[in-house]
Amino acid sequence: MTEAKDGDELLTRLRQFHDNYFPHHQQRFQDLVAQGQHPKTLFIGCSDSRLVPYLLTGAGPGELFIVRNVGAFVPPYIMGDPGARTNGAGAPLAGLHGTMAAIEFAVLSLKVERIVICGHSHCGAIRASYEGVPEEARALKAWLTLAQEAVLPVQPTPEALRRTEQRAVVLQLERLMDYPMVRRAVEAGQLSLHGWHYVIEDGEIHVFDAQQGDFLPASVASNPGTGPWRAWVEHDGQILVD
Ligand SMILES: [Zn+2]
């Protein structure tokens with residue numbers, strides 16, 4: 001490996017990737033270029049540095065289409081002109097909608113089969129929903145309204161924060177179902193939605209089990225967090241969604 005002349009750690013790591021990692025995985029990357037990407041999962045996760053989707057899922061290149069934002073939130077689907085609307089909490093929706101665009105692309109073009117919403121313990125976005133943000137952080141303040149319905153009317157104890165983190169995940173799943181292309185794919189049985197809460201200190205994902213209405217550790221869960229929004233066929237052949 002070539003040492004970076006200026007000793008910059010980030011530059012050293014870039015060279016390590018190229019010199020040490022890439023040669024052993026070259027074919028896989030080149031296949032993904034030749035054949036294009038066909039990820040089966042859209043992963044919407046919090047930006048938190050301690051949440052590492054590839055480690056958690058064991059995924060490699062080409063397997064996850066990832067959107068990360070503060071809190072792992074899903075903005076409301078907007079009919080018509082996004083700039084002319086406000087969300088339920090009165091925050092303006094003007095601007096560019098990266099998360100919304102990624103959801104549209106993943107479902108309509110990539111035709112992903114799963115969407116995962118992944119929140120986590122000790123989430124700064126959820127804590128800030130109780131404690132507020134600096135006045136200058138105007139976009140952040142507006143963005144955090146996407147968790148407002150999950151906030152509990154209590155002091156932000158560790159238990160309340162944990163509960164709010166989980167409630168926020170379910171809230172985003174519900175919002176996803178307002179995206180026409182998501183609802184359509186779910187109802188056609190082509191897409192399933194999964195709500196996850198990652199407990200950093202335990203190294204374990206807790207998956208939302210819609211039947212039990214609760215989050216269960218992945219070690220004991222019977223499914224990877226399939227929500228109520230997956231069509232399943234009853235014994236009489238009737239397709240149920242909700
Ligand atoms: Zn977070």
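## S47, the zinc site and the cores

Outside its neighbours within four places in sequence, S47 is in contact (heavy atoms within 4.5 Å) with R68, N69 and V70. The model is predicted: local features need pLDDT of at least 70, side-chain atom pairs count only at pLDDT 80 or more, and totals for chains, interfaces and linings use all residues. Residues are numbered from 1 along each chain as its sequence is written, and side-chain values use heavy atoms, with hydrogens and water left out.

S47 sits in the loop between strand 1 and helix 2 (53-57). Helices (H or I, at least four residues) and strands (E, at least two) are DSSP runs, numbered from the N terminus. From S47 to V70 the C-alpha to C-alpha distance is 5.4 Å, across 23 residues of sequence. S47 counts as partly exposed because its relative accessibility is 39%. The classes are these: buried is under 20% relative accessible area, exposed is over 50%, and partly exposed lies in between (1.4 Å probe, protein chains only).

**The protein as a whole**

The protein has 7 helices and 8 strands. Of its 242 residues, 39% are buried. The accessible surface is about 13600 Å², and carbon and sulfur atoms hold 53% of that surface. These areas come from the Shrake-Rupley method with a 1.4 Å probe; for residues, only the protein chains shown count as cover. Take the contacts between residues at least 6 apart in sequence: 58% join residues at least 24 apart.

**The zinc site**

Which residues coordinate the zinc ion? They are C46 (SG), H120 (NE2) and C123 (SG), at 2.0 to 2.3 Å. Donors are N, O and S atoms within 2.8 Å of the metal (3.2 Å for Na, K and Ca); water is not among the atoms, so sites may look incomplete. Along the chain the donors follow the spacing C-x73-H-x2-C. C46 counts as buried because its relative accessibility is 5%. C123 is buried too, at 6%. H120 is also buried. The count of disulfides (pairs of cysteine sulfur atoms within 2.5 Å) is 0.

**The cores**

A nonpolar core is a set of buried Ala, Val, Leu, Ile, Met, Phe, Trp, Tyr and Cys residues joined through side-chain atoms within 4.5 Å. The largest one has 29 residues. Those with the most contacts inside this core are L42, I103, V107, I115, V182, L191 and L193. Strand 1 (41-46), strand 2 (64-69), helix 3 (98-108), strand 3 (114-120), helix 6 (158-176) and helix 7 (180-187) each give two or more residues to it. Helix 3 gives the largest share, 5 residues.

I115 has contacts with L42, I44, V107, L176, V182, L191, S192, L193 and H194, leaving aside neighbours within four places in sequence. A second, separate core holds 23 residues, including A128, L146, A147 and W196.

**Two helices with one buried face**

In helix 3 the buried residues are T99, M100, A102, I103, A106 and V107. Seen down the axis of helix 3, they fall within an arc of 160°, so they line one face of the helix. The arc is that of the directions from the helix axis to the C-beta atoms. Their cover includes strand 1, strand 2, strand 3, helix 5 (138-144), helix 6 and helix 7.

In helix 7 the buried residues are M181, V182, A185 and V186. Down the axis of helix 7, their arc is within 130°, so they too line one face of the helix. Helix 3, strand 3, helix 6 and strand 4 (192-199) are among the elements that cover them.

**Positive phi angles**

Most residues other than glycine have a negative phi. The table lists three residues with a positive value.

| Residue | Place | Phi |
|---|---|---|
| G189 | follows helix 7 | near 75° |
| K111 | loop between helix 3 and strand 3 | near 55° |
| H122 | loop between strand 3 and helix 4 (124-131) | about 55° |

K111 counts as exposed because its relative accessibility is 59%.

**F29 in helix 1**

F29 belongs to helix 1 (residues 9-35). Is F29 buried or partly exposed? F29 counts as partly exposed because its relative accessibility is 23%. Not counting residues up to four places away in sequence, F29 touches F17, Y21, F22 and P61. F29 and P61 are 32 residues apart in sequence, with 7.3 Å between them in space, C-alpha to C-alpha.
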